[in-house]
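Work through the exercises below with the sequence and the model open. Try each task before reading its solution.

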Amino acid sequence: MDGGYMAAPICEKLRHDWSRQEATEIYRLPFNDLLFRAQQIHRAWFNPNEIQVSTLLSIKTGACPEDCAYCPQSAHYPPGREVERLLPLEDVLDAAREASRQGATRFCMGAAWRSPKQRDLQEVVKMIEGVKALGLETCVTLGMLNADQARHLKEAGLDYYNHNLDTSAEYYGQIISTRSYQERLDTLGHVREAGINVCCGGILGMGEDVDDRVGLLVELATLPSHPESVPINLLVQVEGTPLAGTEALDPLEFVRTVALARILMPASYVRLSAGREEMSDEMQALCFFAGANSIFYGEKLLTTNNPTRTRDRNLLHRLGITPKASNDANDGFAVAE
Ligand code: SAM
Ligand code: DTB
Ligand code: SF4
């Protein structure tokens, strides 16, 4: 690894046998002990002054048949009722070109589907091929997949599939009723089986308790392979969704969860995902110290706002954190606004 940072003299092996009790004990360590341990592990596996940068685009927005209580795109709640069609290929490629120009190395395309139809999948395949040809890594999140659909996406050259467990198995039923936890796990199995990298995480601040936050991470850390990417979202409360008005989570509990993710899954990229707009710079800095090493960059997530590029560049500059260069293409935030 490059850079002038001090590597820690530990390099723990990846474990897949974490128990909830053990993970809870780690989560509840005195804050400084928890962060010190997470930072030691972080430096043993990664350059702590570098982050992976992804940009998101909603390729099909709204009118989703699922009833996820947090989601502004669910047709069950007022904000999600408006239907938009799948974006044309050229619009997607324009957005990907701009993301690359701005310094992103991965382009993530999201669709508000329960699962993709065959005709839609063929369109998405063209998007994946086009985005890859621009030198970007590709990620899509399209809902549930069967084994054939996962293989089809792999053949198109897809690098990552995002599919979140969102919370613990016990709390899941309070949040979503239209599909089961097991269906989520089955899709993750098909993605893994097809040889696509897995991006899987969850949302905090949905009224869950410590046991649910720990339960989600233990679920991920005891999969046969850890997800390569673990997005930790803070609920973005959208008026009209059932979770709007949920009591805000203590920011230090959020940081603890990031630290636990880093400790349980040392080799995974932990993404400080939705919700950054509401976070102070200091909270984000603590998350990076706790082991978060990926962000969404760009002013929009799918339908809600993300910090401006100017704010992000300024924050990363003040922290001495640089964007990780991709295999070839761009290196750093070359473009000023
Ligand atoms: N429909 C697909 C699915 O659910 O897998 C893909 C798109 S969906 C919007 C992707 C992820 O966004 C969800 O799994 C959830 O974790 C996250 N998400 C959605 N609404 C959110 C919100 N209001 N706050 C934080 N994260 C949210
Ligand atoms: C993930 O875990 N977070 C992203 C991405 N995967 C697809 C989505 C966040 C969506 C936030 C609400 C919105 O903008 O609609
Ligand atoms: Fe649909 Fe995904 Fe939103 Fe759930 S999270 S309502 S599946 S778009």
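The exercises cover confidence, one helix pair, the cavity and two pockets of this predicted model.

**Exercise 1. Confidence**

Find the average pLDDT of the protein and the stretches where pLDDT stays under 50.

Solution.
1. The protein has an average pLDDT of 92, and 93% of its residues score at least 70.
2. Over residues 1–9, pLDDT stays under 50. The model has 16 contacts beyond four places in sequence for this stretch.
3. Residues 327–331 also stay under 50, with nine contacts beyond four places in sequence.
4. Predicted coordinates should not be read in detail where pLDDT is low.

**Exercise 2. A helix pair**

Describe how helix α2 and helix α9 cross, and name the residues that meet.

Solution.
1. Locate helix α2 at residues 31–45 and helix α9 at residues 251–264.
2. Their axes come within 9 Å and cross at roughly 40°; the crossing of α2 and α9 is left-handed.
3. From α2, the residues in contact are Phe31, Leu34, Leu35, Arg37, Ala38, Ile41 and His42. From α9, they are Leu252, Val255, Arg256, Ala259, Arg262 and Ile263.
4. Sorted by class, the residues of this contact are nine nonpolar, one polar and three charged.

**Exercise 3. The cavity**

How many cavities of 30 Å³ or more does the structure hold, and what lines the largest cavity?

Solution.
1. There is one cavity of 30 Å³ or more.
2. The space in the largest cavity is about 860 Å³.
3. Its lining is made of 42 residues, with Tyr70, Cys71, Gln73, Asn164 and Leu302 closest to the centre.
4. The elements giving two or more residues to this lining are β1 (50–60), β2 (106–111), β3 (137–141) and β7 (229–234). The largest share, four residues, comes from β2.
5. By class, the cavity lining has 24 nonpolar, 12 polar and six charged residues.

**Exercise 4. Two pockets**

State the volume and lining of the largest pocket, then do the same for the second largest pocket.

Solution.
1. The largest pocket has a volume of about 340 Å³.
2. It is lined by 16 residues; nearest its centre lie Leu234, Leu235, Val236, Gly275 and Glu278.
3. The classes in the lining of the largest pocket are 10 nonpolar, four polar and two charged.
4. The second largest pocket holds about 280 Å³ of space.
5. Residues lining the second largest pocket include Lys60, Arg85, Trp113, Lys117 and Met127. Leu86, Leu87, Pro88 and Leu89 are also among them, as are Arg119, Asp120 and Glu123.
6. Helix α4 (residues 118–133) gives the largest share of this lining, four residues.
7. The lining of the second largest pocket has six nonpolar, no polar and six charged residues.

Key
Residues are numbered from 1 along each chain as its sequence is written. Chains are lettered from A and ligands numbered from 1 in the order in which they are written. This is a predicted model: local features need pLDDT of at least 70, side-chain atom pairs count only at pLDDT 80 or more; totals for chains, interfaces and linings use all residues. Side-chain values use heavy atoms; hydrogens and water are left out. On a 1 Å grid over the protein atoms alone, a cavity is a set of points where a 1.4 Å probe fits but cannot get out, and a pocket is an open set with protein on both sides within 12 Å along at least five of seven lines; lining residues have an atom within 4 Å of a point. Grid points are joined across faces, edges and corners, and a volume is the space filled by probe spheres set on the points. Ala, Val, Leu, Ile, Met, Phe, Trp, Tyr, Cys and Pro count as nonpolar, Asp, Glu, Lys and Arg as charged, and the others, Gly among them, as polar. pLDDT is the predictor's confidence in each residue, from 0 to 100. Contact means heavy atoms within 4.5 Å. Axes are lines fitted to C-alpha atoms, for helices over the stretch in contact, and angles run from 0 to 180 degrees between N-to-C directions. A crossing is left-handed if the near helix is turned anticlockwise from the far one by less than a right angle, and right-handed if clockwise.
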